[in-house]
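Colleague: Got a minute to go through this one with me? I'd like to hear the reasoning behind the labels, not just the labels.

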Amino acid sequence: MKLAALSLALALTASAAQAGPRGEDGRPQSAREHGAAQATLPWKRDPFPSTYRPLPRQDALIVDATVLDGAGHRFEHANLLLRDGKIVALSTQAIAAPAGAATIDAKGRWVTPGIIDVHSHDGDFSAPFTSLDAQNSDVSEGSDPITPNVWAEHSIAVQDPSFGRALAGGVTTLQILPGSSNLIGGRSVVLKNVPATTVQAMKFPDAPYGVKLACGENPKYNYGEKGRFPTSRMGNVAGVRAAFLEAAEYRAKWLDYAGGHGKRPDDDLKKDTLAGVLAGDIRVHWHCYRADDMATLFDVAREAGFHIDAFHHAVEAYKIPQLFVANHACAVVWSDWWGYKMEALDGIRENAAFVDAAGACVTLHSDSPWLGQRLRLEAGKALAAGRRAGLAIGPERAIEWITLNSAKVLGLDARIGSLEPGKNADVVIWSGDPFSVYVKADQVFIDGAVVYDRGNPARHPRSDFELGQPSMAAEAE
Amino acid sequence: MKGKYKIVKNILAIALLPMVPAMSMAAGGTIAIVHANAWTMVEASGGRVDDATIVIRDGRYESVAAKAPPPAGARVIDATGRVVTPGLMSADTHLGLVEVSSLEETRDYGVNAGPLGAAFDVQYGLNRNSALLPVVLADGLTRAVTSPSAAADAAFLGMGAVLRVQPGGDVLDRARAAMYASVGGFGAKQSGGSRSAQWQWLRNAFDEAKAYVPPKSGVGAPRDQLQNALNIAALRAMVEKRVPLALRVSRESDIRQAVRLADGYGLSLIVIGGAEAWRCADLLAAHKAAVVLDPEADLPWTFDELGARADNAAILARAGVTIAFSVSGNTIYLSHNAGVAVREGAGLAVANGLAYADAMKALTVNPARIFGIADHYGSMARGLDADLVLWNGDPFEPSSAPEVVFVRGVQASPITRQTLLRDRYAPKLAKDPWPPAYRP
């Protein structure tokens, strides 16, 4: 595994260098925006701030567990200390329980970081699906192919029962994205998977925003069918290039103004989001399937001067893993979806493992409230396919595909995604090997609070929608 | 690295299989699988035989016996204690009727215009060369119901078939295995806006079929008849030949209506979907109705499915209802990943309380009985088609995979479009200066 990754990395040419100054992770850096005037730049504003507060918590010492730490290690009979909502220690040596800490015997059980779903529509394509949604769904703004001005958080129904189902599947963090009907579909939002009555109370504090874009069949089909631009793949690309040209001009005007030159530019909600992308503040999540499409868009991004954080779905990522390495981009994939549309025809089950073997970042996503309950099985299936193809990968690696790598996609890997001391205490205790179909999440911690406890009905959150529905009653007949 | 030995072994096993097109090997001859941990699904012997010797002769099961010596001259496959099951069956797919779901020209499982309602019959559209068939076969699926999803009718969908997953061969196992209809909130639109109208429409259709007298001369229905001659003929044949009625219903009230309808017209009932079937499990058991359910459907996804829950299968089986599985996965698993998805679904049903043996029945003998092919498929009983899978682990773990698959005694090729792409883009070939198009 390691050897293969190294040799492929060495085989890369220097032509992958991108325009403009870059940080270590390939993100653009602008000296001008680090000046004193940055507070006035419209894309730096935070009009819908998080009001999240951790739920009541108790310090906990989890003992004698099999631990996959999310950072590539597996420990047997390990102990994990959670204090004040943070990971404090992970060790195979004894850890003394601090006063007041609960000791949880995890003998025979497995512990992992909280699962992160980087592509969910829980809340903006919520259950129940109704005839209203069939007509006009909250997941996509269908009036125009370029809507960077819309924000997914403004569509989210916090009472979607899918959140609770995902929580029971160990999901502690979700990125909710707009749909893929549009070339530029709008901003994403990162949520902590805690029950709440407002979306602000779920928002991950200070998480970077993302923007959803879509290539290929969906935009050209959705608008072409209405006789509108774009009707072709080349139209798709032209539309995105034009939008970023306009945004670059807008951003330059704002930077001039912030530097004390010119008059105050008019605010433009569409261009704000794209200017934020050009500034490296807003992360880019591009729905795209085919290798040739993705390769084109890597060039589009280089031309426009922004960084693609991830291609989502990316069923042909395995054909161009070196481009993911060179462009510091992640491939966000399923384990086995294929064939439901033309651009998904070449999906293979080794996609994740092959991209990983090339040394590129890969994560598994759900895009589905059913799959979103079982990302661990997605990782397990992708792991098994890779092993059958001869790659020596273990569970300690595959867990990264739904934890640390996912945190990288969201720009949150300094705070979540692994069980390293100092990180948020987002932890799952599983009844056994999480890649087994028979295993369940016993307890799920978010910031040290037990937000789900399989053995305690008082800690099974139920959405308001699930109240008072006779057909959901436990007893029938 | 744990599991490394196994990986190497698996690669060898695959490499040693002859590189031949799917199903080109003859079904003749005798094959013995020895040291198998066999799920025979033969009730008389408890459904299981450990350290079994399974003998296949001329494409059919001949015998299964513990520790028996293989017959002289047989080709011997050593299962080394691994699990062997009959080939598995999904009870609802569109296999053979779809290639790329979004392309209407490759989709033959529904019609939305024209005269065909109940008479729509999928058997004529089956594609033996569908690229999906090798994929699901390599996942251990050897039989599948392939069903209609729409017809030009307010409730009827048409007639489904049972497919034999034998790529390139005669894939039609049983035509007209069930008559499909659908009732529910979203479907009600076609009948004018109420599910009551859908039930009335269905009842009227069976009344008309019963009362129908063919005209002495010419064709066509009497003036006041709602069903045309084609559909009436299909319904009459269905009733006479005791073809079951497969009703796609989810809500408890609709499931109860389905039981009443089937009862009233003497039809045997298969509930398809049945998200709330657990709420009337005893009623379904008493009426010997079967349920084809999706074990992954645990969300209140529509108002018809508010009661959806993960232990639907377990509750139904405990009540004595015959269940079978199909997994939709946003419709993406339904056909393209039918093999791995039903196994994962079975595993999830077990994780939520279904007995393991009942889950195995739900993928073999149960759908065979429900859809009328139990006389030749479903167990390892002597004389039945030798559909067989040797697994590298627990078949209900989605990370497990078949090592050897037989359909009617013919060994299936493990090569699929996906394995060819896999091999073409294998990481070890990354430095090949020639483009992948020059590789096999």
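What follows is a chat about how the terms used for this predicted model are justified.

Colleague: Let's start with overall form. What makes chain B agree with a compact globule?

Modeller: The rule of thumb for 440 residues gives a radius of gyration near 22 Å, and chain B comes out at 23 Å, so the two agree. Along the principal axes, its C-alpha atoms fill a box of roughly 70 × 55 × 45 Å. Of the 440 residues, 55% count as buried, and 68% of the contacts between residues at least 6 apart in sequence join residues at least 24 apart. For secondary structure, chain B has eleven helices and 16 strands.

Colleague: Why is helix 7 of chain B called largely enclosed?

Modeller: The cut-off for buried is 20 or more other C-beta atoms within 10 Å of a residue's own. Six of the eight residues in helix 7 (residues 312-319) pass that test, so the rest of the structure largely encloses this helix. Those residues are Asn312(B), Ala313(B), Ala314(B), Ile315(B), Leu316(B) and Ala317(B).

Colleague: What do the buried residues of helix 7 pack against?

Modeller: Helix 6 (281-286), strand 12 (290-293), strand 13 (323-325), helix 8 and helix 9 (356-362), again in chain B. Just after helix 7 comes Gly320(B), with a positive phi of about 95 degrees.

Colleague: On to the eight-strand sheet in chain B: what makes strand 6 and strand 13 edge strands?

Modeller: Pairing takes at least two DSSP bridges between two strands. The order is 6-7-8-9-10-11-12-13, an open sheet with mixed pairing. Strand 6 (88-93) and strand 13 each have a single partner strand, so one side of each lacks a neighbour in the sheet. From one strand to the next, the twist averages 25 degrees.

Colleague: How do you know that strand 10 and strand 11 of chain B pair?

Modeller: Two bridges would be enough, and five join strand 10 (residues 245-249) to strand 11 (residues 269-273), running parallel. In one of them, Val249(B) has Gly273(B) as its bridge partner.

Colleague: And chain A: which strands stand at the edges there?

Modeller: Chain A also has an open, mixed sheet of eight strands, in the order 6-7-8-9-10-11-12-13. Strand 6 (115-120) and strand 13 (361-364) of chain A are the edge strands, each pairing on one side only. Inside chain A, strand 8 (residues 184-192) and strand 9 (residues 210-214) run antiparallel and are joined by four bridges, which clears the minimum of two. Ile184(A) in that pair stands opposite Leu213(A).

Colleague: How many residues of chain B are in contact with chain A?

Modeller: 51 residues of chain B contact 50 residues of chain A, where a contact needs C-beta atoms within 7 Å. Helix 1 (4-16), helix 8 (338-351) and helix 11 (417-424) of chain B each give two or more residues to that side, and helix 8 gives the most, with six. By type, chain B's side divides into 26 nonpolar, 13 polar and twelve charged residues.

Colleague: Where in chain A is the pLDDT below 50?

Modeller: Chain A averages 92, and 91% of its residues score at least 70. One stretch below 50 is residues 1-21, with 29 contacts in the model beyond near neighbours in sequence. Residues 34-39 are below 50 too, with five such contacts. Where pLDDT is low, predicted coordinates shouldn't be read in detail.

Conventions: Residues are numbered from 1 along each chain as its sequence is written. Chains are lettered from A and ligands numbered from 1 in the order in which they are written. This is a predicted model: local features need pLDDT of at least 70, side-chain atom pairs count only at pLDDT 80 or more; totals for chains, interfaces and linings use all residues. Two residues are in contact if their C-beta atoms, placed from the backbone, lie within 7 Å. Ala, Val, Leu, Ile, Met, Phe, Trp, Tyr, Cys and Pro count as nonpolar, Asp, Glu, Lys and Arg as charged, and the others, Gly among them, as polar. A residue is buried if 20 or more other C-beta atoms lie within 10 Å of its own, exposed if 12 or fewer, and partly exposed in between; C-beta atoms are placed from the backbone. Axes are lines fitted to C-alpha atoms, for helices over the stretch in contact, and angles run from 0 to 180 degrees between N-to-C directions. pLDDT is the predictor's confidence in each residue, from 0 to 100. The radius of gyration is taken over C-alpha atoms; the globule rule is 2.2 Å times the number of residues to the power 0.38.
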